[in-house]
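This report goes through selected side-chain arrangements and enclosed space in a single protein model. Please read it alongside the sequence and coordinates shown here.

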Amino acid sequence: MDMKVNSAVFERLIPLNALRPSRRNARQSGGTSIKQLARSIERVGLLQNLTVTDSGDGRHYEVEAGKRRLKALLLLARRRKLSKTHEVRCLVIPDTAARTASLTENTQREAMHPADEFEAFRALVEEGKSIEDIAADFGVTPLTVQRRLRLANVSPRLIADYRKEQVSLEQLMALSVTDDHVAQEAAFYDAPEWQRDARALREHLTREDVDAGRDAVARFVGFEAYEADGGGFRRDLFADEGQGVYLNDRPLLDKLAADKLAACATEVEAESWAWIEVVPRSTPSELYAFQRIQPKRRKPTVKEDRHIARLQKRIGQIEDALNAEDSGIEEAEANTLVEEHERLSAELATVAQSLAVYSAKAKATAGVVVSVDGQGRAVVHRGLVREADAKQAHAPEGSGEIADKGGKQAKANPSVSEKLARALSAHRTAALQAEMARQPVVALAAVIHPLALQVFYDARYAVSPVQIACRVQDKLDRYALDLPGTAAISALMEAKQAWQAKLPAEAEGLFSALREMEHADLLSLLAVCAACCIDAVSPRETDAKANELAAALNLDMAQWWTATAAGYFAQVSKARIFEAIQSFAPEYVKQLGLCKRPELAARAEQLAAGKGWLPEMLKRAA
């Protein structure tokens with residue numbers, strides 16, 4: 001589509017692969033924020049056209065003004081966010097005016113503020129123009145138009161501060177997740193400055209909702225089924241594809257999950273367990289309260305053995321294809337392979353589960369919880385024994401021996417050393433500290449907990465991970481040498497430094513400063529202080545004193561800890577390493593059988609990368 005301005009200057013849509021930078025561009029330095037600019041263009045489109053000249057070769061145009069924008073567009077094309085032939089809106093000028101145009105853009109011209117364009121798009125809609133027509137007129141996608149309209153609907157106060165550069169575009173996009181101007185302003189202006197990043201703002205505004213992309217139960221039910229049943233939701237138009245949908249009817253979601261799990265429970269009834277419960281959201285700490293019956297593992301039949309081998313072979317082929325650096329796989333094909341990998345892995349787990357055999361005596365006392373696992377799949381937890389029934393469930397080892405609450409047989413040796421247990425629990429402590437520092441409501445409950453224990457209960461027999469005497473736990477690296485520089489340590493340090501800058505330099509003025517603080521600021525400060533007092537370090541793998549706190553904080557250790565050779569695999573037995581590899585890369589177990597432990601630990605680290613695998617000790621917090 002061409003729009004003539006005069007015979008020499010006109011606008012035109014030009015394919016991205018026909019554009020190249022001009023050597024005459026006046027800006028020869030800068031460009032340090034190309035990634036940020038690319039993210040902005042991906043979210044709201046190109047807000048300012050490029051200025052180009054015809055190269056004369058009949059195929060290309062040279063960009064005289066807009067070098068950074070071109071780099072950002074090319075970056076999006078390399079990331080497959082845009083096609084190579086994506087049409088870019090350009091102003092074509094005569095070759096003789098090229099250097100002048102470039103210099104003018106970089107020294108004199110004041111670009112239209114993005115907020116002006118947001119509001120202009122809204123005015124066009126109010127005049128009766130359709131989103132599709134606006135998209136066609138401006139050479140952008142309908143989604144880009146919808147995103148700009150969403151930004152135009154943000155609180156006028158916030159838009160005004162955006163114009164003053166007191167609010168960033170990223171913050172504006174996060175705030176647009178709701179249309180409630182009061183909620184938008186409260187989320188931004190009532191929060192401490194260090195809690196105003198886009199992620200924190202989005203989390204604050206959606207804290208009562210269920211993230212359909214991250215919540216396992218939501219993935220299990222499926223958005224279509226939830227919507228078909230009348231469930232309410234809202235969309236974050238600036239989220240990546242497949243993300244940013246927030247469900248606001250949790251009871252309906254859980255009911256749909258329970259109904260769907262009921263079919264699975266009906267199948268389990270044929271196994272003759274003493275009891276069966278359907279619990280869509282069974283937390284690790286809740287399951288940990290049960291004792292467990294250890295099953296026998298029967299030998300697979302020839303047919304099952306062949307089926308397992310086929311599954312493992314195909315899973316290995318898929319992983320090789322996805323991990324190959326020069327595979328040339330398109331995004332759609334990669335997504336198909338990932339889905340096939342997940343389906344085959346679930347099938348392999350089902351086959352493994354079918355090899356577990358429980359005795360009739362064990363089933364007479366033990367039961368089953370049918371739930372949803374972290375991947376959004378139905379999972380059956382068999383062999384669970386309630387505390388009251390535990391004394392009735394005695395049987396020889398291998399045919400139903402009662403295990404302890406962690407799921408290990410009571411007479412078994414610890415799976416990790418005391419040294420490693422301390423290191424892992426130190427990492428968990430750091431993660432708990434980082435999470436609590438940004439969750440003031442949980443922090444308030446955690447601080448009141450030890451006080452109430454001492455006032456209302458016999459505190460000698462009660463424990464709390466929060467030491468109310470405020471013994472600051474800032475020497476965790478003595479237990480885990482790899483802790484310094486981790487995400488958890490960095491997150492807590494940033495929160496502490498932000499408050500350090502706000503508090504009085506001398507202790508004498510602290511109480512007065514606290515008295516003058518807003519309620520929200522006091523809660524935020526409380527969260528940071530309480531976080532620094534958490535002590536969950538333990539030499540015992542089965543220590544459960546921080547489990548309730550971890551559950552309240554929704555702690556996912558996969559976000560804070562990654563298994564490495566030095567940090568885990570080199571400190572456990574070969575059997576334990578193979579057990580881990582079996583869970584995240586089962587197809588490699590046989591070929592690694594002859595490896596010595598150092599080599600095996602290194603290979604395990606490589607195979608575990610990106611899998612989110614956690615040892616049993618950290619899973620209870622997941």
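Are Trp-561 and Tyr-568 buried or exposed? In this predicted model, Trp-561 is buried, and Tyr-568 is buried as well.

## Aromatic pairs

Over the whole structure, a search for aromatic pairs returns 11 of them. One of these joins Phe-118 to Tyr-162 in a stacked arrangement, with the ring centres 6.4 Å apart and an angle of 10° between the planes. This pair connects distant parts of the chain, since Phe-118 belongs to helix α4 (residues 114-126) and Tyr-162 to helix α7, with 44 residues separating them. Both partners, Phe-118 and Tyr-162, are buried.

Trp-561 and Tyr-568 also form an aromatic pair, but here the geometry is edge-to-face, with 6.2 Å from centre to centre and 90° between the planes. These two residues belong to one aromatic cluster, whose other members are Phe-569, Phe-584 and Trp-613.

## Charges over rings

Two tryptophan rings have the charged end of a basic side chain placed over them, namely Trp-275, where the charged end of Arg-386 lies 3.9 Å from the ring centre, and Trp-273, where the charged end of Lys-363 lies 5.7 Å from the ring centre.

## Helix α9 and its surroundings

Helix α9 spans residues 181-189, and its buried residues are Gln-184, Ala-187, Phe-188 and Tyr-189. The elements that cover these buried residues include α7 (156-163), α8 (169-175) and α10 (198-205); of these, α7 is also the helix that holds Tyr-162 of the stacked pair described above.

At the start of α9, a polar approach involves Asp-180, a side-chain oxygen of which comes to within 3.0 Å of the backbone nitrogen of Val-182.

## Enclosed space

Rolling a probe the size of a water molecule over the atoms shows where empty space is left. With the rule applied to this model, one cavity of 30 Å³ or more is counted, and the largest cavity holds about 90 Å³ of space.

The lining of the largest cavity consists of 13 residues, and those nearest its centre are Ser-425, Arg-428, Ala-536, Asp-543 and Met-617. Helices α18 (418-436) and α26 (616-619) each contribute at least two residues to this lining, and the greatest contribution, three residues, comes from α18.

Key. Residues numbered from 1 in each chain as written. Predicted model: local features only at pLDDT ≥ 70, side-chain atom pairs only at ≥ 80, totals over all residues. Heavy atoms only, no water. Buried < 20%, exposed > 50% of the residue type's maximum accessible area, 1.4 Å probe, protein only. Helix = DSSP H or I, 4+ residues; strand = E, 2+ residues; numbered from the N terminus. Contact = heavy atoms within 4.5 Å. Polar contact = N/O pair within 3.5 Å; in protein donor to acceptor, adjacent residues only side chain to side chain. Phe/Tyr/Trp six-rings, centres within 6.5 Å; stacked < 30°, edge-to-face > 60°. Lys NZ or Arg CZ within 6 Å of the ring centre and 35° of its normal. 1 Å grid on protein atoms, 1.4 Å probe; cavity = no way out; pocket = protein on both sides within 12 Å on 5 of 7 lines; lining within 4 Å. Points joined across faces, edges and corners; volume = space filled by probe spheres on them.
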